[in-house]
Amino acid sequence: LDSPRAADALLTHLVTVKPTFKDPQFKITSGLAMLVAAALESFTKASKGQQGAAAAVAAGGGKATGGGGGLLPRRCVVAIAEGAVDKLSDSKHRASSCKCLLALAETAGPNTVFQILYSHLLREPSAGAKPPSPRTISEALAWMTSCVVEQGGALQLEKLSAFLKSTCENTNPQVKGESVKLAARVVAGGGPGPRLRGLLEGKPNPVKASVLAQIDAESGVAAPPPIHASAAGSNESSAAAQQQERGGGESRSSKPSRGQTTTSAQPSTNHAQPSDNGGNNAGPSGKPAAPSSSASAVVASITSDKLLTEMKDAKWSVRLDAIRSLSTALQSAVPGTVPAAPLGELVYALKARVADTNKNLVPEVLDCVAVLGLALGSAGCCVHSKVLVPEIFKAAGDPKKAIRDRAGLSLAAWGGELRCAGLGPLLPKGLALASTDAKIIVLTWVLGASLGGGGGGGGFAADSDSGGGGSSSSKPGMEGISE
């Protein structure tokens, strides 16, 4: 597949002649999506290699030869995009269809694929063709959000805004919610992204103020101040809320330093919880905490057979709902009151979810792990740290920035409870990881904690000063750092 002609001939036949995405057999359509994705990846790799070789020949004064390289014909791209997106509403096809669409976006560019989806998803019903279902539209929007996160790329904001104005007015809450997430992701991406908000606010058909407020909250980017704003206290509280969103959410208006990832976004003394906002999924960031519940009631709810079974379910949506239920229950507990002894099976279930194959779940799992650390307190964290903290270290080296950020927040929460003696012996494992990002996050936390400001409650400095004599190097936590 080293030329557009060869790739077009194969792919167009597969998706328009036989077997096509409309084949009634699940295994055939799923295999087709995986085959198309593999063919696109092969074509993209070969095309990039030939373009690099041609550039090298041209730089040397020679003349490039051969017919390879170039882009796929638009009709081939349209056939693949429309066939794959229609399968997103089926949970059995979703994973393979998403992979197929991502490979297509890598080959043809996100902007090209997005423009095909704009017209396909908003098409009017015609003879022999039904309009897409709300489930199809919401899943397509979720994929578009993940594509922006994975690949970025310059999007035509005017066409995107016209598309979002239609989907934001959809009566289906899932469609509206995914529209808000996509808009917030683009706005928070920097560059020309923030201009999208102004386009959504402008005529014709401006988006409702309530929807714009949701986009502002989700993106963490400050909205333009209203003309009649006057109360200074109101402005200060608004700025504080926006800063909290930036500290806990995945999306940010500007790229934070590595120090900010793990030291400035620490849990406060009143045990404010991290945001539950990750990937292509919404969370309760900025919402009031749930009323406090007794420790026994919390333990009963989070160790139920139903919840533990759902955390291992084959369907990612069931696992996600279980994680959110667990997080809500833990947030209702008084910090430091949940006993560690009954939670053994739950902790191992959380460990498995930190390594979940669906990366869109992992940020929310890491938020839940952070909330668990605050609910357990120092004694409980010491019991379960050997199980969960090494998984946090591994997540800190993930290729996705959203996962690395949440791993930093989880490390801050657990480090604040464990202090030097509890976390120090585990640090060599974190620093032995191959990932440079993981090492930087761990070392940044160590630096902040050793100065007394990063680990919560004074960190290493507090431990060193409270021993009552003896050198700091003799303490178990400092031995771990020395090693």
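Select C368 to begin: in this predicted model, C368 is buried, with a relative accessible area of 0%. From C368, move to one of the residues that touch it, L330, which is found in helix α15, spanning residues 316–331. When neighbours up to four places away in sequence are set aside, L330 touches V298, I302, C368, V371, L372 and A375, and displaying these side chains together shows the surroundings of L330. Like C368, L330 counts as buried, here at 2% relative accessibility. For a distance to draw in the viewer, take the C-alpha atoms of L330 and A375, which are separated by 6.4 Å although the two residues are 45 apart along the chain.

Next, select helix α17, which covers residues 362–395 and contains G380. G380 is buried, with a relative accessible area of 5%, and its C-alpha atom is separated by 7.7 Å from that of V338, a residue 42 places away along the chain.

With cysteines in mind, how many disulfides does a search of the whole structure find? The search finds 0. A disulfide is a covalent bond between the sulfur atoms of two cysteines. Select C98 and C100 to see one case: the cysteine sulfur closest to that of C98 belongs to C100, and at 9.9 Å it is too far for a bond.

Zoom out now to take in the whole chain. The secondary structure of the protein comes to 22 helices and 0 strands, and buried residues make up 46% of its 483 residues. Among contacts between residues at least 6 apart in sequence, 74% join residues that are at least 24 apart. If you switch on a surface, its accessible area comes to about 22100 Å², of which 56% belongs to carbon and sulfur atoms.

Which residues have the most contacts inside the largest nonpolar core? This core has 58 residues, and the ones to select are L11, I80, W143, M144, L160, L164 and L196. Centre the view on L160, which, leaving aside neighbours within four places in sequence, is in contact with Y118, L155, L182, V186 and L196. Apart from this core lies another, of 53 residues, which includes V354, A375, L388 and V446; A375 is also among the residues touched by L330.

Stay with W143 and turn to the aromatic rings, of which the structure holds 3 pairs. In one of them, the rings of F114 and W143 have centres 5.9 Å apart and planes at 65°, and the pair is edge-to-face because an angle over 60 degrees places it in that class. This pair links distant parts of the chain, since F114 belongs to helix α5 (residues 110–121) and W143 to helix α6 (residues 134–151), with their positions 29 residues apart in the numbering. Both F114 and W143 are buried. Add Y118 and F163 to the selection, and you have one aromatic cluster formed by F114, Y118, W143 and F163.

Helix α5 also holds T112, which makes a useful contrast in burial. At 26% relative accessibility, T112 counts as partly exposed, whereas F114 is buried. Leaving aside its neighbours within four places in sequence, T112 is in contact with R74 and V77. The C-alpha atom of T112 is separated by 9.9 Å from that of A81, which is 31 residues away along the chain.

For a different kind of ring interaction, select K92 and F26: the charged end of K92 sits over the ring of F26, 5.1 Å from the ring centre.

The last stop is the loop between α1 (4–17) and α2 (26–59), where P19 lies. Most residues other than glycine have a negative phi, and most peptide bonds are trans. Against that background, inspect the backbone from K18 to P19, where the peptide bond is cis, with omega near 10°. Then select T20, which lies in the loop between α1 and α2 as well and has a positive phi of about 70° although it is not a glycine. Is T20 buried or exposed? T20 is buried, with a relative accessible area of 14%.

Methods: Residues are numbered from 1 along each chain as its sequence is written. This is a predicted model: local features need pLDDT of at least 70, side-chain atom pairs count only at pLDDT 80 or more; totals for chains, interfaces and linings use all residues. Side-chain values use heavy atoms; hydrogens and water are left out. Rings of Phe, Tyr and Trp (its six-membered ring) pair if their centres lie within 6.5 Å; planes under 30 degrees apart count as stacked, over 60 as edge-to-face and the rest as tilted. Helices (H or I, at least four residues) and strands (E, at least two) are DSSP runs, numbered from the N terminus. Buried means under 20% relative accessible area, exposed over 50%, partly exposed in between (1.4 Å probe, protein chains only). A charge sits over a ring if NZ of Lys or CZ of Arg is within 6 Å of the ring centre and within 35 degrees of the ring normal. Contact means heavy atoms within 4.5 Å. Accessible areas come from the Shrake-Rupley method with a 1.4 Å probe; for residues, only the protein chains shown count as cover. A nonpolar core is a set of buried Ala, Val, Leu, Ile, Met, Phe, Trp, Tyr and Cys residues joined through side-chain atoms within 4.5 Å. A disulfide is a pair of cysteine sulfur atoms within 2.5 Å.
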